[in-house]
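Welcome, and please open the model in your viewer. We will walk through it one selection at a time.

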Amino acid sequence: MKIHYIPCLEDNYSYLIIDESTKEAAVVDPVEPEKIVNIANEHGVHLKLVLTTHHHWDHSGGNEKIKQLVPGIKVYGGSIDKVKGCTDAVENGDKIPLGADVVILSLHTPCHTKGHISYYVSGKEGEDPAVFTGDTLFVAGCGKFFEGTAEQMYQSLCIKLGSLPKQTRVYCGHEYTVKNLQFALTVEPDNEKIKGKLLWAQGQRQAGQATVPSTIEEEMETNPFMRVDLPQLQEKVGNHSPVEAIREIRRLKDNWKG
């Protein structure tokens with residue numbers, strides 16, 4: 001299994017997931033379809049599937065066009081998310097095969113949108129799995145609670161995504177990492193892992209490089225929204241439960257002027 005990140009629009013990411021033995025590929029959130037098709041051709045792969053994380057235009061807006069460019073391509077999206085161009089609706093737990101060795105598991109991760117899907121992808125034995133989290137989980141952050149509650153985001157982030165294997169690579173929908181880590185330091189000023197990752201992320205961006213992937217393990221160490229089970233973090237934001245803490249950290253982030 002090979003994964004390529006493709007910068008789109010101002011700060012979005014699409015992703016090409018390739019089954020190496022068959023050269024069949026899936027693309028996550030192909031908002032710039034012509035660019036995606038050209039890159040697929042450069043890699044000599046056959047686009048078979050679109051994996052749409054949620055209905056917002058900067059993620060699903062290329063679906064109709066890519067169906068014209070690649071006749072017969074299947075477009076997957078959450079069953080309650082009204083995804084543009086969707087041909088195959090998915091529910092939590094649905095599995096989608098790709099090529100010979102890749103299996104894609106749909107995880108319903110609501111809050112940013114009601115029907116948001118994250119895609120957990122595993123390849124051959126010995127390969128680290130990956131999860132494509134759209135706008136639910138960002139590197140060191142999470143999406144705004146547009147269509148859901150703090151309870152839902154806690155369940156999506158800390159229970160569902162947090163229970164994935166620690167080495168799972170995290171590929172998110174936007175390049176927000178530097179700002180997210182700067183904010184994370186306002187919550188936990190003494191967290192050395194956050195300080196170290198911020199320096200690394202700033203270096204990556206100055207070199208024109210992406211900050212994806214992260215891993216679930218790194219997120220548990222540096223992402224305040226995934227650390228809300230820790231009593232010391234709850235205390236820092238004046239709360240006594242993980243759900244109250246995630247609600248307060250989101251409020252702080254929404255009002256942060258960094």
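Start by selecting M153, which sits in helix α4. Keep in mind that this is a predicted model. Is M153 buried or exposed? Its relative accessible area is 0%, and a residue counts as buried under 20%, so M153 is buried.

Now show what surrounds M153. Beyond its neighbours within four places in sequence, M153 is in contact with P110, C111, H112, T136, C142, G143, F145, C158 and I246. For a sense of distance, draw a line from the C-alpha atom of M153 to that of M220: the two residues are 67 residues apart along the chain, and the line is 15 Å.

**The α4 and α9 crossing**

Next, display α4 together with α9. Their axes come within 9 Å and cross at roughly 105 degrees. That makes α4 roughly perpendicular to α9. To see where the helices meet, select A150, E151, M153, Y154 and L157 on the α4 side, then P242, V243, I246 and R247 on the α9 side. Colour this contact by residue class and you will find seven nonpolar residues, no polar ones and two charged ones.

**The largest nonpolar core**

Stay in this region and bring up the largest nonpolar core, which has 27 residues. Which members touch the most others? They are L157, V228 and I246. Three elements give two or more residues to this core: α4 (150–161), α5 (177–187) and α9 (242–255). Of these, α4 gives the most, with six residues.

Pick V228 and list its contacts, leaving aside neighbours within four places in sequence. You should find Y154, C158, L233, Q234, P242, A245, I246 and I249. Apart from this core lies another one, of 26 residues; V139, Y171, C172 and A210 are among them.

**Over to α5**

Select N180, a residue of helix α5. N180 is buried, with a relative accessible area of 3%. Once residues up to four places away in sequence are set aside, N180 touches F138, V139, A140, G141 and K253. One of those partners, V139, is also a member of the 26-residue core. The C-alpha atoms of N180 and F138 are separated by 8.4 Å, while the two residues are 42 residues apart along the chain.

**Out to an exposed strand residue**

For a contrast, move to K95 in strand β7 (residues 95–98). K95 counts as exposed, at 63% relative accessibility. Leaving out neighbours within four places in sequence, its contacts are V103, I104 and L105. Measure across to G148 as well: the C-alpha atoms of K95 and G148 are separated by 25 Å, with their positions 53 residues apart along the chain.

**Zooming out**

Finally, show the whole protein chain as a cartoon. How many helices and strands are there? The chain has nine helices and 14 strands. Along its principal axes, the C-alpha trace spans about 55 × 40 × 35 Å. The radius of gyration is 18 Å, which agrees with the value near 18 Å for a compact globule of 258 residues. If you colour by burial, buried residues make up 53% of the 258. Among contacts between residues at least 6 apart in sequence, 58% join residues at least 24 apart.

Technical notes
Residues are numbered from 1 along each chain as its sequence is written. This is a predicted model: local features need pLDDT of at least 70, side-chain atom pairs count only at pLDDT 80 or more; totals for chains, interfaces and linings use all residues. Side-chain values use heavy atoms; hydrogens and water are left out. A nonpolar core is a set of buried Ala, Val, Leu, Ile, Met, Phe, Trp, Tyr and Cys residues joined through side-chain atoms within 4.5 Å. Buried means under 20% relative accessible area, exposed over 50%, partly exposed in between (1.4 Å probe, protein chains only). Helices (H or I, at least four residues) and strands (E, at least two) are DSSP runs, numbered from the N terminus. Contact means heavy atoms within 4.5 Å. Axes are lines fitted to C-alpha atoms, for helices over the stretch in contact, and angles run from 0 to 180 degrees between N-to-C directions. Angles under 35 degrees count as roughly parallel, over 145 as roughly antiparallel, 65 to 115 as roughly perpendicular and the rest as oblique. Ala, Val, Leu, Ile, Met, Phe, Trp, Tyr, Cys and Pro count as nonpolar, Asp, Glu, Lys and Arg as charged, and the others, Gly among them, as polar. The radius of gyration is taken over C-alpha atoms; the globule rule is 2.2 Å times the number of residues to the power 0.38.
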